[in-house]
Amino acid sequence: MTATTATAPGKDQPGEDPPAAEPRTPDDPFDRDVLPTPPGATAALLRSLLAPMKARVAVTTLLLLLQQAAVQAGPLLVAYAIDSAVPAFRHSDLGPLIAVGVGYLLCALASGALQYAFILLSARVNQDVLLDLRGRIFRHAQALSLDFHERYTSGRLISRSTTDVESLRELLDEGLQELVTVILSFVYISAMLLWLDLGLGAVAVASLVPLYLLVRRYRRRAARVYTVRSTAIAAVIVKFVETMNGIRPVRAFRREAANDADFRTLNTRHERTNGDALLEMAQYVVGSRLVANTAVAAIVLWGAYRVAGGTLALGVLAAAVLFLRRLYDPIDRLGMFLNSYQSAAASLEKIAGLLAQTPTVPEPATPGQLPARASEHPGREVVFDGVRFGYRTGGEVLPRFDLTMPAGQTVAVVGSTGAGKSTLAKLLARFYDPSDGRVLLDGVDLRELAVPELRRGVVMVTQEAFLFSGTVAENIAIGRPDATREEIEQAAKAIGAHDFISSLPDGYDTDVRKRGGRISAGQRQLVAFARALLADPAVLILDEATSSLDVPGERAVQHAMSTVLHGRTAVVIAHRLSTVEIADRVLVMEDGKIVEDGTPAELVAGTGRFADLHRAWRDSLA
Amino acid sequence: MVTTRATAEESPDRTDRTGRSAVRTLLRLWPYVRPVRVRLFTAAAVAIVASCLALVIPLVLKWMVDGPVADRDPAGVWLGALYLLLLGFGEALLFGLRRWLVARPLAGVEASMRADLYRHLQRLPVAFHDRWPSGQLLSRGTTDLMLLRMFLAFPLTFLLVNSVTILVGVIIMLLQDWTLGLVILIPAVPVMVTCVVFEKRYASVARRAQDQVGDLTTVVEESVLGIRIIKGFGRHRSQARAFRELSRTLRGTELRKARLLATIWGVIVTLPELATGAALVLGTVQVADGELSAGTLVAFLSTALALRWPVDSIGFLLAMSQEAATATERYFEVMDESPETDETPERDAPQRGAGNCATSPHKPAPHNDGIRFHNVRFRYPDAPEDSPPTLDNINLHIRPGESMALVGATGSGKTTLTALVPRLHEVTSGRITLDGHDISALPRTSLRALVAVAFEEPTLFSASVADNVLMGAGDGAGEPDLERALAVAQAGFAHTLPHGTATQVGEQGLSLSGGQRQRLALARAVVGRPRFLVLDDPLSALDVHTEAAVEAALRDVLAETTALIVAHRPSTVLLADRVALLSEGRIAAVGTHHELLRANAEYAHLMAGTEEADR
């Protein structure tokens, strides 16, 4: 960007950081793409993925062994045909010739069938590994607590489970088979050559030394180029996605030309490293071919010399030449394998880093049960017992905190940004666990409740109302997947969302991502509300849940709330004090402490902060 | 779970795919290939020569076996080996030359196609972006383009090279012994047929797999973006189930792909090998009968072997070409969309201006006239024809220097109306004028330089806080402007970030809260002291204190600009001089807050939520 450097000097020096509003340090690993990976985690991940497939991997390898044996038998049969079958045939002995024919037939059929079986079986192994890995990443990402998600951007998480898995897939699909084939054919062919003729074989084996050195050199150089390239393409992708997702501001602030220039820089960098990578490959190909062809010439020279001298059979020379072609053919492919190995290794390391993150809000090993309800009302008692909360990176948000909300009470929490309101809500919803103390629901620690039990107890509606792809009805039904259409519509009606939903092209069946599915921020919040109503929890937390609603919308919600919340325990966090009117009790928070606590009437009548706030808010309505 | 419904068939990248042939589709790449055509053709020619050199090697072998070896002539052996060595060097260097020739040009083709795509996408109408998820666009910009580069590097060259090689090889074999040559040729037809059949079926399965990967990606994306809801309702198990089902389906498709692949490989491995076996038996008999020299048989078999790869590879080269055709199709699907024409209105402006006395874009503002909407009607381009327009018959005048609040029920079209002013969407009919200029006659860039917008959804880019704010101003803007804008938006928190206003934010940096992002977006809108300001519910995520402070500071800004402010709350409305009430896509009333509060029941209802108005 052009105008970037216009910041005051000294401000960007890490040493002078003022205490940040966010629990972050400049060297936070979350700011980088790679999470710290414990040593050996990548290898351990690979092992654990392959462990359940041991038997099948063994069978696959065996198939490949046999297949290679069948394929490599060809030149031997040629040697036998030239050296034995020809003379035998001249003496009218058809035996060796028939043996050659049948042998070749069997080898051809066997190699075809084995190839077929191998591809099927290895695909099965690969797909099962990928299924396992995809599932693990997905479940793990879902299990990780909210504080992780708040720090690790969604884009990175998404690319872990898409592009990174994809690069492992490429390695498994093409690379590994390639590698095993290459190794096997090297071993086989060297053995065959040695067996045919020790001298010729020795030359062939010796040629593997410079080849190995070439491969090693390429591997080192390619690793460097590929690391640079993957960083370059990642930068291109980020720029691309960011532009497309923010297309409105891009347009409105005429960023097109500046973006084109930025993108050109990134794209050119990628183009250059991409070219470097291709040239690196070209060098490797030339080098390996030179070694291979020189070895062929040397072997032919020596072999032919000896055939001429009568110390070597012609058939053996022919077989050796045929073998040599096969020996050096897969070298190019070895280069390709190294490429996919490089990128898969990098990806796997990133995945291992993600999987090494432990959920800070784990599910209980032996879940407890909520006691049966005391009354017919759905509400339950909430107790914060000596709760203290601070972020892992330091900074205490809630110093010691005690609070009891009797069952059925509606509590409004007000206070300025950063006062700890949302932390209170997240602790109650068990998005976080307290550093100290307990949060109790009818006397049971939230940490002892399994997720389904917990969510029958506590549900939270937040400000950001995300809609999943699918219909409006399905989005509401997330609150209770087994709900009937009547129940869904009832929830929508209760919250005042029915009218707008009915006016959509397909009503409740309108797909929110499709034609005519434009749903405004306020409407999304109404859907989120309906979802929460449908869930029918004992404790309902509303965190800024009405911020995008207009006044009548908010009114309708409040109207609904007074009936819906009746008997339920509710925590309402709102900037707008209108919400407070339905509360039985108001808490004013500041710096993680409750500074005022009373009924709305008491506080309004008083002289505290709430009375001030309320007066200011009344004025703003004028 | 909801997400399982993300069905493949309906996503936008599968719109009416005509049965155009793969070749015709691939020909569309020509404009990008043209600049590198010399190198590309040279490389292909080099590859053909190299491949043919490889075919000469068996002939040298034959010459050696039948000549010096049979004659026990060591000097001849040396000569033969020397020939082999030279040929080998030639082959190696030529193959290297081929790669060297195309490496940079092809990386260049990929890059220029990507740059074009990016440039084009940035200029496509916003309505297009509403329709297309960014993931679909990204996959075109990355995977598809890599496929195309690989296509140009391998299949395109080697389909040609291998065909020539096969032809030459077959001729060599036929010349040496035509019966053996014919035997070797027998499997060619069944192998080709299998390849063609396979290629078709494989392509369709592969496409299905691609689409299923897309669906899987959607679930992943949504489960990350909607993590709070999933956790809040304890739905991660059902989400995991949906994911598992989809990934199982994908596994099934991949295995079907593998079955097809296994079949083709089985055929490709077996048939030529059988033919080679038959040729060997036949050849042995002929050698024994003295009709054929041993050298010829060796040469023949090694030629057959040398032809193995060219024949085998045809299958996957065709498959890659098919994939490349699909990628080309996907690429041009987007490139064929017509962009917002930035230049045309500029060039057309004089004529248009001449035809309309109210507009004369070339003279500096003739008079301060503010913002006018004349009979504006708007319907989303993708909405059904028979649906009522989103906005209809909008007539509104915002006087110069005036601030107009736009109030309306949820879904009444407020945000849509604001999008029309900077021409993020085009009016369906009617006109909007700024200081008397018809905005459709103004070049978009100048229009957008006049109008600054703060969106309901505050988006920050991966750049420093300072950059994010200053992108709202011209090039000359600096520290004082930044400070002033941050002060107006009460975004002083920016100074307490780890690196102050140089702190990186956005996807690649620090994540900020909704309220913080909203304040930075507001700062961005006001930093350039725009002549016209459009604010879409700019204070929704702020707490009461901050909101009051922002309002106080905004008053000064609004005093010197003409503004349209979408408002939900009386406090925001009070920033404005007058209020327009939008009701079901029409302007129902205009007046001051107090006038409307008294005279208009709907407005009173919207602002005070009075129960009388409700029933």
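Mentor: Two strands are said to pair when DSSP finds at least two bridges between them. With that criterion in hand, we may read this model, which is a predicted one.

Trainee: How many bridges join strand β7 of chain A to β8(A), and in which sense do the two strands run?

Mentor: The general idea comes first. Strands of a sheet pair through backbone hydrogen bonds, and the pairing is either parallel or antiparallel. In this case, β7 (residues 539–543) of chain A and β8(A) run parallel and are joined by five bridges. To locate the register, note that L540(A) stands opposite A570(A) in β8(A).

Trainee: Which residue of β8(A) does A412(A) stand opposite?

Mentor: A412(A) faces V572(A) in β8(A). This belongs to the pairing of β8(A) with strand β3 (residues 410–414) of chain A, which is parallel and has four bridges. β8(A) thus appears in two pairings, one with β3 of chain A and one with β7 of chain A.

Trainee: Which residues of β8(A) point one way, and which the other way?

Mentor: In a regular strand the side chains alternate between the two faces of the sheet. Here T569(A), V571(A) and I573(A) point to one side of β8(A), while A570(A) and V572(A) point to the other. Burial is counted by neighbours: a residue is buried if 20 or more other C-beta atoms lie within 10 Å of its own. By this count, five of the five residues of strand β8 (residues 569–573) of chain A are buried.

Trainee: Let us turn to chain B. With which strands does β9(B) pair, and in what sense?

Mentor: Strand β9 (residues 578–583) of chain B runs parallel to strand β3 (residues 403–408) of chain B, with five bridges between them. β9(B) is also joined by five bridges to strand β10 (residues 586–591) of chain B, and that pair is antiparallel. L582(B) appears in both pairings: L582(B) is the bridge partner of G408(B), and I587(B) in β10(B) is the bridge partner of L582(B). Two residues lie between β9(B) and β10(B), which form a hairpin, and E584(B) in its turn has a positive phi of about 50°.

Trainee: Which strands form the open sheet of chain B, and in what order?

Mentor: The order is β2-β1-β4-β5 (chain B), and these four strands pair in the antiparallel sense. β2 (391–398) and β5 (437–438) of chain B are the edge strands; each has a single partner strand, so one side of each has no neighbour in the sheet. At the β5(B) edge, two bridges join β5(B) to strand β4 (residues 429–434) of chain B, and D438(B) is the bridge partner of T433(B).

Trainee: Where does UniProt place the feature "transmembrane region" in chain A, and what is the chain like there?

Mentor: The UniProt record, an unreviewed entry, gives residues 94–121, 182–215 and 311–328 of chain A. A helix percentage is best read together with the distance between the span's ends. Residues 94–121 of chain A are 96% helix, with end C-alpha atoms 40 Å apart. Residues 182–215 of chain A are 97% helix, yet the end C-alpha atoms are 13 Å apart. In chain B, the unreviewed entry lists several spans, among them 40–65 and 77–97. Residues 40–65 of chain B are 100% helix with ends 39 Å apart, taken at C-alpha atoms. Residues 77–97 of chain B are likewise 100% helix, and the corresponding distance is 30 Å.

Trainee: How should the overall form of chain A be read: spread out or compact?

Mentor: Chain A has 19 helices and ten strands. Its radius of gyration is 35 Å, well over the 25 Å given by the globule rule for 622 residues, so chain A is more spread out than a compact globule. Its C-alpha trace spans about 120 × 60 × 50 Å along the principal axes. The domain assignment gives domain 1 (39–355) and domain 2 (459–574) of chain A, and their C-alpha centres are separated by 53 Å. For chain B the assignment is domain 1 (20–335) and domain 2 (366–614), with C-alpha centres 55 Å apart.

Trainee: How many residues of chain A are in contact with chain B, and which helix gives the most?

Mentor: Contacts join 156 residues of chain A with 163 residues of chain B. Helix α8 (residues 256–309) of chain A contributes the most to the chain A side, with 29 residues. By residue class, that side has 83 nonpolar, 44 polar and 29 charged residues.

How values were computed:
Residues are numbered from 1 along each chain as its sequence is written. Chains are lettered from A and ligands numbered from 1 in the order in which they are written. This is a predicted model: local features need pLDDT of at least 70, side-chain atom pairs count only at pLDDT 80 or more; totals for chains, interfaces and linings use all residues. Domain bounds come from an automatic or database domain assignment. The radius of gyration is taken over C-alpha atoms; the globule rule is 2.2 Å times the number of residues to the power 0.38. Two residues are in contact if their C-beta atoms, placed from the backbone, lie within 7 Å. Ala, Val, Leu, Ile, Met, Phe, Trp, Tyr, Cys and Pro count as nonpolar, Asp, Glu, Lys and Arg as charged, and the others, Gly among them, as polar. UniProt positions are given in the numbering used here, feature names are shortened, and annotations may be inferred rather than shown by experiment. A residue is buried if 20 or more other C-beta atoms lie within 10 Å of its own, exposed if 12 or fewer, and partly exposed in between; C-beta atoms are placed from the backbone.
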